[in-house]
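Student: I am new to this structure. Please take me closely through one part of it, and then show me what lies around that part.

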Amino acid sequence: QVQLVESGGGLVQAGGSLRLSCAASGGSFSTYAMGWFRQAPGKEREFVSVISWSGSEYAADVKGRFTISKDNAKNTVFLQMNSLKPEDTAIYYCVAGEPEGIFSQYEYRYWGQGTQVTVSS
């Protein structure tokens, strides 16, 4: 049974940093793309970042502030979030799969339960 378990969310002041982790188990993730989506209250779920064998991609509003990385030996993906803004407040979901379109949430087969990130002004 595939499981994705996120950790590292919390409350931080604007300008601060957080590091999210997502540990995958129950499958072979070496060839999977892994990444993050987020959903703010009252808004649609949106792409944040993904990493795969071909490299990494970021949403325009996090590029330069967020960095995604992956430890293949541990099937774990990380999201280092710096210079956080109040508009980054959301539930962050870890995803894994073999997407044809990396920006679409519907392309990812596996999802974590989400971790709350709250940035105060």
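Tutor: Start with the contacts of Val 95, leaving aside its neighbours within four places in sequence. Val 95 touches Leu 4, Ala 33, Met 34, Gly 35, Trp 36 and Phe 37. Tyr 108, Tyr 110 and Trp 111 are in contact with Val 95 too. Keep in mind that this is a predicted model.

Where does Val 95 sit? Its place is in strand 9. Is Val 95 buried or exposed? Val 95 counts as buried, because its relative accessibility is 0%. Val 50 offers a distance to check: the two C-alpha atoms are 8.6 Å apart in space, while the residues are 45 apart in sequence.

Now look at Cys 94. Cys 94 forms a disulfide with Cys 22, with a distance of 2.0 Å from S to S. Cys 22 lies in strand 3, residues 18-25, and Cys 94 in strand 9, residues 90-97, so the bond ties together parts that are 72 residues apart in sequence. The count for the structure is one disulfide. What is its hand? The torsion about the S-S bond is about -80°, so this disulfide is left-handed. Cys 22 is buried, at 0% relative accessibility. Cys 94 is buried as well, with a relative accessible area of 0%.

Next comes Tyr 93. The ring centres of Tyr 93 and Trp 111 are 6.0 Å apart, and their planes meet at 65°, so the pair is edge-to-face. Tyr 93 belongs to strand 9 and Trp 111 to strand 10, so this pair joins parts that are 18 residues apart in sequence. Tyr 93 is buried, with a relative accessible area of 12%. Trp 111, at 27% relative accessibility, counts as partly exposed. Arg 45 lies over the face of Tyr 93, at 4.2 Å from the ring centre. Tyr 93 and Trp 111 also belong to a cluster linked by ring pairs, together with Phe 37, Phe 47, Phe 103 and Tyr 108. Recall that Phe 37, Tyr 108 and Trp 111 are among the contacts of Val 95.

Tyr 110 is another of those contacts. How many aromatic pairs does a search of the whole structure find? It finds eight. One of them is Tyr 32 with Tyr 110: the centres are 6.0 Å apart and the planes are at 15°, so the pair is stacked. Tyr 32 lies in the loop between strand 3 and strand 4, and Tyr 110 in strand 10, residues 110-111, so the pair ties together parts 78 residues apart in sequence. Tyr 32 is buried at 15% relative accessibility. Tyr 110 is buried too, at 17% relative accessible area.

Now step back to the core. The largest nonpolar core has 35 residues. Those with the most contacts inside it are Leu 4, Met 34, Trp 36, Leu 79, Met 81 and Tyr 92. Which strand gives the largest share of this core? Strand 9 does, with five residues. Other elements that give two or more residues include strand 4 (33-39), strand 5 (46-52) and strand 8 (76-81). Leu 4, Met 34 and Trp 36 are also contacts of Val 95.

Finish with Met 81. Neighbours within four places in sequence aside, Met 81 is in contact with residues including Leu 18, Leu 20, Phe 66, Tyr 92 and Val 117.

Note on methods:
Residues are numbered from 1 along each chain as its sequence is written. This is a predicted model: local features need pLDDT of at least 70, side-chain atom pairs count only at pLDDT 80 or more; totals for chains, interfaces and linings use all residues. Side-chain values use heavy atoms; hydrogens and water are left out. A disulfide is a pair of cysteine sulfur atoms within 2.5 Å. Helices (H or I, at least four residues) and strands (E, at least two) are DSSP runs, numbered from the N terminus. Buried means under 20% relative accessible area, exposed over 50%, partly exposed in between (1.4 Å probe, protein chains only). Contact means heavy atoms within 4.5 Å. A nonpolar core is a set of buried Ala, Val, Leu, Ile, Met, Phe, Trp, Tyr and Cys residues joined through side-chain atoms within 4.5 Å. Rings of Phe, Tyr and Trp (its six-membered ring) pair if their centres lie within 6.5 Å; planes under 30 degrees apart count as stacked, over 60 as edge-to-face and the rest as tilted. A charge sits over a ring if NZ of Lys or CZ of Arg is within 6 Å of the ring centre and within 35 degrees of the ring normal.
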